[in-house]
Amino acid sequence: MFEKVLIANRGEIALRIHRACREMGIKTVAVHSTADADAMHVRLANESVCIGPPPASESYLNIPAIISACEITGADAVHPGYGFLSENARFADILDAHGITFIGPTADHIRLMGDKIQAKVTARSLGIPCVPGSAGAIRTDEEAYEVAKETGYPVLVKAAAGGGGRGMKVARSEDELSGALSTARAEAKAAFGDDALYMEKYLGQPRHIEMQIIADSHGNVAHLGERDCSLQRRHQKVLEECPSPALNAVQRQKIGDIVRDAIAKLGYLGVGTIEFLYEDGEFYFIEMNTRLQVEHPITEAVTGIDIVREQIRIAAGLEMSFTQDDVTFSGHAIECRINAEDPRTFTPSPGTIKGFHTPGGLGVRVDSAAYSGYRIPPYYDSLIGKLVVHGRNRNECLMRLRRSLHEFVIDGIKTTIPLFQDLVNEPDFVNGDYHIHWLENYLRNKA
């Protein structure tokens, strides 16, 4: 097992990783920018190293600084969390060259699944159903028109190296396609340095379903069920639940078996997530995330499995502590992403937290690195916490969630808590009758 793990991240996920390491008897190193000198994970870690000024490009994305921090502290492994360098194959390669373990999949698998076009080709070869669309990158506008004619409008133009909704445009008719292509290319080039695009059929009202997978170096592979991430704004997840209200046990078993078999064929190592669009009883592969997900706690709540602990064990060469037959699903869990944003305009709201009180009680978990007096810097993602609630069934989970949101107090800044207080009483959400466009339609109608 590792002696010391450097956590190459910040905020709640850095604290989550620290806690897992601490429980395993592993020392931790916190790296931080000058803006995060008073962060909670920095205070709790065994050691801390400042790696640069506030901009992420000069700190949390500064690979030489992180390698230096490893060498200074003697860290023998790095956990990247999510975001930042978590899906950077070059970073994984550099760590390997320095004899430092990357707690994640191989660089080759990160590279393979990071290319959205190649990921779809690979998914098809592994027997995973995909959305109809282009077989590879769209080279010319003429080729795009041919693909659109075959699949039928509307179509979705997507950046091959994309993520987070950038470089993604919908063309509802032939007249809109040219503009969608040029805009998507420009956004993709600016965001990822790569203007390669691909196209797929745009589904009308699908749900976003993802399957959590885990595999070790001893041939053991398991899936931990699905999460429903359909409540989104601008392709960003806002609330997730597990299991999905849209699936039954037969559908869950079917897609779980497909995914588990595919991951075994791929020879994947570590944790990952296969994401799908689900409509009219059919699953369509979107992408694979080769990292820990923000919403992993709801799977932990329903399965009782510590995903971060397993991730660390696997990276150390150990077997998973369970098999697929050991995995059981108990009750229902929902996660609300608490962001430092105006709940109506979603404008970021950095500043000093003057009061901070988290809810508690049976089945309530709050993952947050915030505290009273903490100053939220304006340089990073606005996520400041995750409220995770678990109940014996979805109805009990909803009742517990309403109570928890009422107890959650964050003074001094604006947060998205009021949005969730409204959402949990909306009939469509209460009935589990929503899709990936539902939230934006709801916000538009409420404006």
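1. Helices and strands are DSSP runs, numbered from the N terminus, and in this predicted model Thr-140 falls outside such runs, in the loop between helix H6 (116-125) and helix H7 (141-151). Thr-140 counts as partly exposed because its relative accessibility is 35%, which lies between the limits of 20% for buried and 50% for exposed. The C-alpha atom of Thr-140 is 9.6 Å from that of Leu-181, a residue 41 positions away along the chain.

2. Strand E10 (residues 221-233) is mostly covered, with 13 of its 13 residues buried, and E10 is paired with two other strands, as follows. Strand E9 (residues 207-215) runs antiparallel to E10 and is joined to E10 by 6 bridges, with Met-211 having Glu-226 in E10 as its bridge partner. Strand E11 (residues 236-242) is likewise antiparallel to E10, through 4 bridges, and here Gln-232 stands opposite Lys-237 in E11.

3. The two hairpins deserve a look at their backbone angles. The hairpin of E9 and E10 has 5 residues between the strands, and Gly-219 takes a positive phi near 90° there, while in the hairpin of E10 and E11, with 2 residues between the strands, it is Arg-234 that takes a positive phi, near 55°.

4. Helix H4 (residues 89-97) has Ala-89, Phe-91, Ala-92, Ile-94 and Leu-95 as its buried residues, and these pack against helix H3 (63-73), strand E4 (77-79), strand E5 (101-102) and helix H5 (107-114). At the start of H4, the backbone nitrogen of Arg-90 has a side-chain oxygen of Asn-88 within 3.1 Å, and just after the helix Gly-99 takes a positive phi of about 75°.

5. The structure holds 10 aromatic pairs. Among them, Phe-356 and Phe-408 form an edge-to-face pair, with 6.1 Å from centre to centre and 75° between the planes. Because Phe-356 lies in strand E16 (residues 355-357) and Phe-408 in the loop between helix H12 (394-407) and strand E20 (409-411), this pair ties together parts that are 52 residues apart in sequence. Phe-356 counts as partly exposed, at 22% relative accessibility, whereas Phe-408, at 6%, counts as buried. Tyr-371 and Tyr-374 form a tilted pair, at 5.3 Å centre to centre and 50° between the planes, and both of these tyrosines are buried.

6. Other ring contacts should be checked in the model as well. Tyr-60, Phe-84, Tyr-379 and Tyr-380 are linked into a cluster by ring pairs. The charged end of Arg-207 sits over the ring of Tyr-434, 4.3 Å from its centre, and Arg-394 lies over the face of Phe-429, at 5.2 Å from the ring centre.

Definitions and conventions:
Residues are numbered from 1 along each chain as its sequence is written. This is a predicted model: local features need pLDDT of at least 70, side-chain atom pairs count only at pLDDT 80 or more; totals for chains, interfaces and linings use all residues. Side-chain values use heavy atoms; hydrogens and water are left out. Buried means under 20% relative accessible area, exposed over 50%, partly exposed in between (1.4 Å probe, protein chains only). Two strands pair if DSSP finds at least two bridges between them. Contact means heavy atoms within 4.5 Å. A polar contact is a pair of N or O atoms within 3.5 Å; within protein, one must be able to donate a hydrogen and the other to accept it, and residues adjacent in sequence count only if both atoms are side-chain atoms. Rings of Phe, Tyr and Trp (its six-membered ring) pair if their centres lie within 6.5 Å; planes under 30 degrees apart count as stacked, over 60 as edge-to-face and the rest as tilted. A charge sits over a ring if NZ of Lys or CZ of Arg is within 6 Å of the ring centre and within 35 degrees of the ring normal.
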